[in-house]
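Trainee: I should like to understand how the labels given to a structure are justified. May we go through them one at a time?

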Amino acid sequence: MPWNRCWTPAGARDERKDRMSNNGYLFAAYAATWIIHIVYLGTIVSRYSRLKREIEDLKKPAVRS
C-alpha cells in the first residue's frame, strides 16, 4: 500500500530517523581525527626545524677563548 509507507504505528521506531541522528557523532569523530592529525604533523614539523637548526649550529666553527 503506497499510502502506508510513511505511516508508523504508535510505539514503533522510525529506523531512518535513528540512523540519521548519529550523524553529529560521526562528524565530531571525523573532525577530531583531522584535528589530531594536523596537531601531530605540526609537532613533527616543529621538531624537524629545531633539529635542523641544531645541526646547523653544530656545523659552525666553535669560538674558543
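Mentor: Let us begin with tryptophan 34, which lies in helix H2, residues 23–59. Helices (H or I, at least four residues) and strands (E, at least two) are DSSP runs numbered from the N terminus. The chain has 2 helices and 0 strands. This is a predicted model, in which local features need pLDDT of at least 70 and side-chain atom pairs count only at pLDDT 80 or more, while totals for chains, interfaces and linings use all residues. Residues are numbered from 1 along each chain as its sequence is written, and side-chain values use heavy atoms, with hydrogens and water left out.

Trainee: Why is the pair of tyrosine 30 and tryptophan 34 called edge-to-face?

Mentor: Rings of Phe, Tyr and Trp (its six-membered ring) pair if their centres lie within 6.5 Å; planes under 30 degrees apart count as stacked, over 60 as edge-to-face and the rest as tilted. The structure holds 1 aromatic pair. The ring centres of tyrosine 30 and tryptophan 34 are 6.4 Å apart and their planes stand at 70°, so the pair is edge-to-face. Both residues lie in helix H2, 4 residues apart, about one turn of the helix.

Trainee: What makes tyrosine 30 count as exposed?

Mentor: Buried means under 20% relative accessible area, exposed over 50%, and partly exposed in between (1.4 Å probe, protein chains only). Tyrosine 30 has 52% relative accessibility and therefore counts as exposed. Of the 65 residues of the chain, 0% count as buried.

Trainee: How do you know that lysine 60 and aspartate 57 form a salt bridge?

Mentor: A salt bridge is a side-chain nitrogen of Lys or Arg within 4 Å of a carboxyl oxygen of Asp or Glu. The closest N and O atoms of lysine 60 and aspartate 57 are 3.7 Å apart, which fits a salt bridge. A search of the whole structure finds 1 salt bridge.

Trainee: Which exposure class does each partner have?

Mentor: Lysine 60, at 55% relative accessibility, counts as exposed, whereas aspartate 57, at 47%, counts as partly exposed.
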